[in-house]
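Work through the exercises below with the model open. Each task is followed by a solution in steps.

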Amino acid sequence: MPTKLGKSTGLSSGWLALIIALSVIIVDQAVKIWVKTNFYLGEDLEITPWFHFKFIENNGMAFGLELWNKLFLTFGRIAAVALFIWFIIKIKDNRELRKGFIISVALIAAGAAGNIFDCVFYGKIFNNPMPPALATMFPADGGYAGWFEGRVVDMLYFPFFDFYWPDWVPVIGGKYYEFFAYIFNIADSSICIGVALLILFYSKDASIAFKVISEKNHSNSAIK
C-alpha cells in the first residue's frame with residue numbers, strides 16, 4: 001500500500017526490475033532452445049488458425065529486419081543492454097518515478113539481452129542441419145558459426161487473416177496479402193511491450209528520469 005511519502009511496500013524497484021528481466025530472459029531462452037531442438041527449420045505447428053509456432057532464424061533485428069552488419073548489430077545490442085542497466089541503477093531509488101516506468105525499461109533491456117544470447121552463443125552451441133533434420137545442442141563437429149555470429153530464433157506467428165487483392169486494384173491487384181506476416185520471439189515481444197508502455201503511460205516519468213541523471217552527472221562533475 002502507498003504511504004504518505006509515496007513509498008510502497010514490497011519489492012524495491014531495483015529488485016523488481018531484476019526479477020522481471022531474468023524471468024523474460026529465462027522464458028525466452030527456454031522456448032528458443034525447445035523450438036531449436038524440436039522443430040526443423042521452417043516447420044510450422046498450428047495451435048489455432050490465427051496462432052502458430054513457426055521456426056525461422058534471422059541475422060537481424062526484431063521481426064527479421066536486417067539493416068546493419070551482423071557483428072555491429074550484436075555489439076550494438078550489448079552496448080544498449082549495458083546502457084539500460086546503468087540507467088536502471090541510476091534511477092531505481094528515485095521516489096518520483098513509478099514502478100511501472102522501471103518495469104517498462106526492464107522489459108526493453110531484457111528483450112535486447114534475450115536476443116544477445118542467440119547472437120553470441122547459438123552459432124557455437126548448435127549445428128544447422130538441412131530440414132527435416134533437427135538441430136543438435138553441443139554437436140561433436142562444432143557449431144554453424146563463430147562467436148557473436150549466431151542467428152536469432154523466432155517462432156511466434158499470428159496469421160490473423162489473408163486474401164488476394166481484387167484484380168481491379170492498381171499495382172497490387174491479384175497479389176496475395178497476409179495481415180501481420182511477421183514472425184518474432186518473446187524477447188521481441190518484451191521490447192515492444194516495454195516501448196508501448198513508455199509511450200502510452202510513462203513519458204512523464206522518462207522526462208523525470210533523464211533530469212535526475214543529468215543532475216547527478218552535473219553534481220559529480222562539480223565535485224571533481
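**Exercise 1.** In which segment is the place of Leu-11? Find the surface patch that Leu-11 helps to make.

*Solution.* Start with the ground rules. This is a predicted model, in which local features need pLDDT of at least 70, side-chain atom pairs count only at pLDDT 80 or more, and totals for chains, interfaces and linings use all residues. Residues are numbered from 1 along each chain as its sequence is written, and side-chain values use heavy atoms, with hydrogens and water left out.

Step 1: Leu-11 is in the segment before helix H1 (13–38); helices (H or I, at least four residues) and strands (E, at least two) are DSSP runs, numbered from the N terminus.

Step 2: Leu-11 has a relative accessible area of 42% and is therefore partly exposed. The classes are buried (under 20% relative accessible area), exposed (over 50%) and partly exposed (in between), with a 1.4 Å probe and protein chains only.

Step 3: Together with Trp-15, Leu-18, Ile-19, Leu-22 and Ile-26, Leu-11 makes a nonpolar surface patch of about 600 Å². Patches take residues with over 30% relative accessible area and no salt bridge; like charges are joined within 9 Å, and nonpolar side chains (Val, Leu, Ile, Met, Phe, Trp, Tyr) within 5 Å.

**Exercise 2.** State how many helices and strands the chain has, and how much of the chain is buried.

*Solution.* Step 1: there are five helices and six strands. Step 2: along the sequence their pattern is α-β-β-α-α-β-β-β-β-α-α. Step 3: the chain has 224 residues, and 36% of them count as buried.

**Exercise 3.** Describe how H1 and H3 pack, and find a salt bridge between them.

*Solution.* Step 1: the axes of H1 and helix H3 (residues 99–125) are 8 Å apart, at an angle of about 35 degrees. Axes are lines fitted to C-alpha atoms, for helices over the stretch in contact, and angles run from 0 to 180 degrees between N-to-C directions.

Step 2: look at the contacts (heavy atoms within 4.5 Å). Residues of H1 including Leu-16, Ile-20 and Val-24 meet residues of H3, among them Ile-103, Leu-107 and Phe-117.

Step 3: Asp-118 and Lys-32 form a salt bridge, at 3.1 Å from N to O. Asp-118 lies in helix H3 and Lys-32 in helix H1, so the pair ties together parts that are 86 residues apart in sequence. Both Asp-118 and Lys-32 are buried. The term salt bridge requires a side-chain nitrogen of Lys or Arg within 4 Å of a carboxyl oxygen of Asp or Glu.

**Exercise 4.** Which parts does the salt bridge of Arg-98 and Asp-205 tie together?

*Solution.* Step 1: the closest N and O atoms of Arg-98 and Asp-205 are 2.5 Å apart. Step 2: Arg-98 is in the loop between helix H2 (70–91) and H3, while Asp-205 is in helix H5 (residues 203–223), so the bridge joins parts 107 residues apart in sequence. Step 3: Asp-205 is buried, with a relative accessible area of 3%, whereas Arg-98 is partly exposed at 43% relative accessibility.

**Exercise 5.** Locate the cis peptide bond and the positive phi of Val-171.

*Solution.* Step 1: recall that most residues other than glycine have a negative phi, and most peptide bonds are trans. Step 2: the bond from Pro-131 to Pro-132 is cis, with omega near 10 degrees. Pro-132 is in the loop between H3 and strand E3 (152–157). Step 3: Val-171 has a phi near 70 degrees and sits in the loop between strand E4 (161–164) and strand E5 (176–179). At 75% relative accessibility, Val-171 counts as exposed.

How values were computed
Accessible areas come from the Shrake-Rupley method with a 1.4 Å probe; for residues, only the protein chains shown count as cover.
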